[in-house]
Structure formats: structure tokens, C-alpha cells
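Thanks for coming, everyone. I would like to take a few minutes to walk through one model, starting with a pocket and then turning to the packing around it.

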Amino acid sequence: MATELRDENVETTTMTKEDKGYVDIPDSPASLCTVQNARSMAECVECRKPRVIYLYRQMTERQQYSLDLGLRDWEYSCGSPLLPPSNPVYKSVMCRSSLSCESPVEIAYIRAGLGPLNICCYCCSESKGQVEQELHKTVKTVLPICQECLDCGKEIITQRPYGNANRQRSEINTAVKQLYCSLLCSCISDIQFEKQNIR
């Protein structure tokens with residue numbers, strides 16, 4: 001049987017995360033990471049990919065100044081905090097925390113027009129990224145990809161397919177137009193028939 005020895009005079013303290021050296025990384029909720037909230041762009045120091053900076057509202061001049069100072073003094077890499085914890089906008093201005101250097105360029109970067117639109121979404125080679133125009137017939141957003149990445153087996157990234165709802169809505173609109181035209185034609189022919197009978 002093991003006995004536990006305790007010294008009555010020793011004070012026990014619990015260490016907090018800050019005492020252990022942990023940094024509280026702010027979470028980037030899905031409601032924040034949308035095209036509407038895309039405000040700016042930061043570049044990863046390791047992979048050189050552009051990463052979208054999100055904020056719920058438009059940046060004030062003070063927030064923009066704090067962001068610029070923080071990015072100048074702090075090296076951002078994918079998945080890490082965008083700014084140092086001492087920055088005043090540390091918990092409100094952020095990048096996606098789930099990204100890694102292997103992650104492609106975000107769709108929000110392309111849709112918000114935050115930088116050059118002809119970069120490859122995987123390797124970021126400038127002016128080599130091309131959009132498959134044939135895919136635009138079935139989806140609204142297609143990210144540019146270079147031939148080298150296609151040859152390596154990387155997939156073309158698409159979003160927002162034209163769905164059955166749009167097709168059904170279009171078919172309904174066409175049917176309504178046809179019905180309206182047929183009713184209009186029958187009304188016109190009835191009016192013409194009545195005019196002939198009046199004479």
C-alpha cells in the first residue's frame with residue numbers, strides 16, 4: 001500500500017496557460033470567413049501564398065494602421081496567428097486558422113479580387129494560372145490552375161454549381177411565358193373574330 005506524503009507547509013499553485021507559455025490563438029468562425037468579410041491579404045513567409053484577412057466590418061483607419069504595423073513586425077505563416085497577441089486588433093482581424101502551406105489559395109481571395117487573379121491556386125506561379133472556361137457552363141466560380149499542377153494530378157477547384165433549382169426555375173419561367181403567350185394569342189384572335197362579326 002502506497003502512502004502519499006504531503007508537506008503541510010508547501011503551497012501548491014496552479015499554472016495558467018499564460019504561465020506555461022501558451023498563446024491563445026483566436027478562432028476563425030465560419031461566419032467570419034466569407035467573401036463579404038474579406039478585407040485584405042497577408043502573405044505566408046514559408047509558402048508565399050496569399051491568405052485572406054477577415055473582419056466583420058470595414059476596417060477603420062486605426063485598425064488598418066495597427067494591422068500594417070503588426071504585419072511589418074510579425075512574420076505570418078499559414079495556420080499561425082496573424083498578429084502578435086499584443087496588437088490591439090489581434091482577436092478581431094484574422095486569417096483562417098485551419099490553413100496550412102499545402103492548402104490552396106482561398107476562393108474568397110479570387111472572388112473578392114484582393115490581388116492578381118491569374119495566379120495558380122496551388123503553386124502561386126504568376127500569369128500561369130488559367131481558368132477552364134468550359135467549366136463556367138456548370139459552375140459559377142473556377143480557380144485558376146497552371147499546367148504543371150494539372151500534370152501533377154491536382155484537381156480543379158470549383159464552387160457554386162448551377163443547381164437543379166435554377167434549372168427548374170428556368171423551366172417554370174419558360175412554361176409561364178409560353179402559357180402567357182398562348183393566352184395572349186387566343187385573346188387577340190378572339191378580339192379579331194369579334195371585330196369581324198361586328199362589321
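**Pocket, cores and overall fold**

Let me begin with the lining of the largest pocket, whose residues divide into nine nonpolar, two polar and three charged. Please keep in mind throughout that this is a predicted model. The volume of this largest pocket comes to about 190 Å³, and of the 14 residues that line the pocket, those closest to its centre are R96, E106, I107, A108 and Q159. Which element gives the largest share of that lining? That would be α3, which supplies three residues.

The helix α3 also matters for the next topic, the nonpolar cores. In the largest of these, which has 21 residues, Y54 and Y122 touch the most other members. Two elements, β2 (50-54) and α3 (107-112), each give two or more residues to this core, and the largest share, four residues, comes from α3. As for Y122, if we set aside its neighbours within four places in sequence, its contacts are K49, P104, I145, C149, K154, E155 and I157. There is also a second, separate core of twelve residues, with L55, M59, Y90 and V93 among them.

Stepping back to the whole chain, we find five helices and four strands, and reading from the N terminus the elements run α-β-β-α-α-β-α-β-α. Of its 199 residues, 29% count as buried, while the exposed area of the chain is about 14,400 Å², with carbon and sulfur atoms supplying 51% of it. Finally, among contacts with a separation of 6 or more, 47% are between residues 24 or more positions apart.

Notes. Residues numbered from 1 in each chain as written. Predicted model: local features only at pLDDT ≥ 70, side-chain atom pairs only at ≥ 80, totals over all residues. Heavy atoms only, no water. Core = buried A, V, L, I, M, F, W, Y, C linked by side-chain atoms within 4.5 Å. Buried < 20%, exposed > 50% of the residue type's maximum accessible area, 1.4 Å probe, protein only. Contact = heavy atoms within 4.5 Å. 1 Å grid on protein atoms, 1.4 Å probe; cavity = no way out; pocket = protein on both sides within 12 Å on 5 of 7 lines; lining within 4 Å. Points joined across faces, edges and corners; volume = space filled by probe spheres on them. Nonpolar A, V, L, I, M, F, W, Y, C, P; charged D, E, K, R; others polar. Areas by Shrake-Rupley, 256 points an atom, 1.4 Å probe, with all protein chains shown as cover.
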